[in-house]
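Work through the exercises below with the coordinates open, and attempt each task before reading its solution.

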Amino acid sequence: MKEFEIAKKIGKELTEAELKEAAAKALGVKPEKVGQTVVVRRSVDARQEILYRYRVQAYREGEAYEPYQIAPYQDVHQAAPVIVIGAGPAGMFAALKLLQKGLKPIVLERGKDVERRKVDMAKLSTQGVIDPDSNYCYGEGGAGAFSDGKLFTRSSKRGDIREVLHQLVAFGAHPDILIDAHPHIGTDRLPEIVKNIRQCIVDHGGEYHFDSRVTDIVPGDARSMPGMTGGSETDRKGFTVYCGEKQYSAPKVILSSGHSARDIYELFQRKGWALEAKGFALGVRVEHPQWLINQIRYHGKHQPFMPTAEYAFVQQVEGRGVFSFCMCPGGILVPSSTEDGTVVLNGMSNAARNSKWANAGAVVQIEPGDQPAEYEGPFALMDFQRDIERSMFRYVQEHGGKHPLQAPAQRMKDFCRGIVSADLPKTSYHPGALSAPLHELLPEHVALRLRRAFPQVDRQMHGYYTNDALLLGVESRTSSPVRLPRDPQTLEHVDVPGLYPCGEGAGYAGGIVSSAMDGINCAEKCG
Ligand SMILES: Cc1cc2nc3c(=O)[nH]c(=O)nc-3n(C[C@H](O)[C@H](O)[C@H](O)COP(=O)(O)OP(=O)(O)OC[C@H]3O[C@@H](n4cnc5c(N)ncnc54)[C@H](O)[C@@H]3O)c2cc1C
């Protein structure tokens, strides 16, 4: 097998004949001696002419090519149970791995199934009513279900990303995600995939319980449970997990409750189980007109058939990283608060990425110790995060806000110059924006670094620094501000054998794919 690269103008089809010819050249054989050709990667090259660059594997005639195979899911109706708390990417992929290992996942999810969840999210945007169990972060599919569905991860160390991508395709994602350098699914396609995953788990004997917020986790004697006759002493002790009055028992628990489940962190503190403050990133959502980003990224050569342009940046300002986060090309801004009295924003896009706007977080890395001195202990950064979210809400309410989730906002250049904007451009954010001094509402060290970073970004992306860009507060749920420490080998919580803190909420992942891979890794350790 030989790998080679071939480029083609975007909009023109790469034909079989062209592939064969290029493969023959790479292998040094005649075209009729070429066997399988497999495109393994496709990326946009907009440096000069706008091209797709393809990375291709070429096999000689007769040479074996083994496509990736998903391990079979087993029937687990009678198998030993494992409780999975949370049906986000970490929980869903942990449950799928449990099926493959012949263990029975019992998934407990505080929110509703993905269909009923849509109704609550509509109420959130139109009326500002936050259901504390069903919102943009909580419910089947977790924070990843109504998102852009970007599927990148920077960490190949965590495992084989193909395991996640191939399963997503098997459950309904477009096969292009297997080859695109920056794959994404889109919020209009994700719910169906999430439903198909659940159907597979239930069909094979796993259980899903919605409207089941976990209120307590009690390690205890579970010898009478089905499938509990063998195993180690720890296995036989097991856990009883409470969702109010309802209770479930299993030898092992995977805790994948996401970075917003502050009640779970509080439960750990009450129990005296270790947790620690962890850095996160804080800033604003920036919204530009998408045509402007297309113009910048494609140097004025964008055509409607080209992929909607995206961007990313990283700057160092005064010893801290300032970076773009979770960019949504052709997307919209959404209210992602989980608690009343707070304003938090995030972004999502449809598969076609065809809205008029481009949004992304612009955030500053916050390390333990960066917060004011009054915030202490393992919740120092979580409390700091929550207070900033509350201050955004308060500002709007005290200044004539018309919607409970309206966001304080400022034009980009006005923010950098410290001027309240006289008017605001249109925004995709349904609850609306209210002109506000974001440069004062954000912590000083965050505002200062953002004010320095935006003109610097313009040097790489000329046109980015403009008063047509709107900043909205606040982008604060970038990753978990708390870590649940675990043994690096067994992945069990350091104080609670048999309990696996997992995914973004445990502080070991960030984003859909890395959370899914962490779910797979934790399930792998369960038996
Ligand atoms: C609007 C939005 C857009 C995003 N876009 C992207 C993107 O394009 N690409 C990307 O990689 N990442 C994106 N993210 C981040 C991504 O969604 C998360 O990194 C990922 O979902 C984390 O997975 P997880 O399974 O660890 O946690 P979560 O997805 O947060 O799932 C946790 C689950 O646990 C449940 N839960 C919480 N507490 C309890 C409890 N006490 N009892 C029972 N259940 C509980 C929650 O309801 C939730 O379903 C986005 C996030 C948001 C909010």
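**Exercise 1.** In which sense do strand 13 and strand 14 pair, and over how many bridges?

*Solution.* The model is a predicted one, in which local features need pLDDT of at least 70 and side-chain atom pairs count only at pLDDT 80 or more, while totals for chains, interfaces and linings use all residues. Residues are numbered from 1 along each chain as its sequence is written, and side-chain values use heavy atoms, with hydrogens and water left out. Helices (H or I, at least four residues) and strands (E, at least two) are DSSP runs numbered from the N terminus, and two strands pair if DSSP finds at least two bridges between them. On that basis strand 13 (residues 314-317) and strand 14 (residues 320-328) pair in the antiparallel sense over four bridges. As a check on the register, Gln315 stands opposite Val322 in strand 14. Two residues lie between the strands of this hairpin, where Glu318 takes a positive phi near 50 degrees.

**Exercise 2.** Follow strand 14 to its pairing with strand 17, and then place both in the sheet.

*Solution.* Strand 14 and strand 17 (residues 357-366) run antiparallel and are joined by five bridges. Val322 has Val364 as its bridge partner in strand 17, and Cys328 has Asn359 there. Both strands belong to an open sheet of seven strands with mixed pairing, in the order 13-14-17-12-20-18-19. Strand 13 and strand 19 (433-435) are its edge strands, each pairing on one side only. From one strand to the next, the twist averages 35 degrees.

**Exercise 3.** Which strands of the sheet does helix 9 touch?

*Solution.* With contact taken as heavy atoms within 4.5 Å, helix 9 (residues 380-398) packs on the sheet by touching strand 12 (280-289), strand 17, strand 18 (407-411), strand 19 and strand 20 (470-475). Its direction makes about 40 degrees with that of strand 12, where angles run from 0 to 180 degrees between N-to-C directions and axes are lines fitted to C-alpha atoms, for helices over the stretch in contact. Helix 12 (residues 444-460) also packs on the sheet, touching strand 12, strand 13, strand 14, strand 17 and strand 20, and its direction makes about 130 degrees with that of strand 13.

**Exercise 4.** Is strand 20 mostly covered or uncovered, and how is it bridged to strand 12 and strand 18?

*Solution.* Strand 20 is mostly covered, since six of its six residues are buried (under 20% relative accessible area, with exposed over 50% and partly exposed in between, for a 1.4 Å probe and protein chains only). Strand 12 runs antiparallel to strand 20 and is joined to it by four bridges, with Gly283 opposite Glu475. Strand 18 pairs with strand 20 in the antiparallel sense over three bridges, and here Gln410 stands opposite Leu471.

**Exercise 5.** Which residues of the largest nonpolar core touch the most other members?

*Solution.* A nonpolar core is a set of buried Ala, Val, Leu, Ile, Met, Phe, Trp, Tyr and Cys residues joined through side-chain atoms within 4.5 Å. The largest has 127 residues, of which Leu168, Ile254, Leu450 and Phe454 touch the most other members. Helix 2 (residues 89-101) gives the most to this core, with eight residues. Not counting residues up to four places away in sequence, Leu168 touches Phe93, Leu151, Ala173, Ile177, Ile185 and Ile193.
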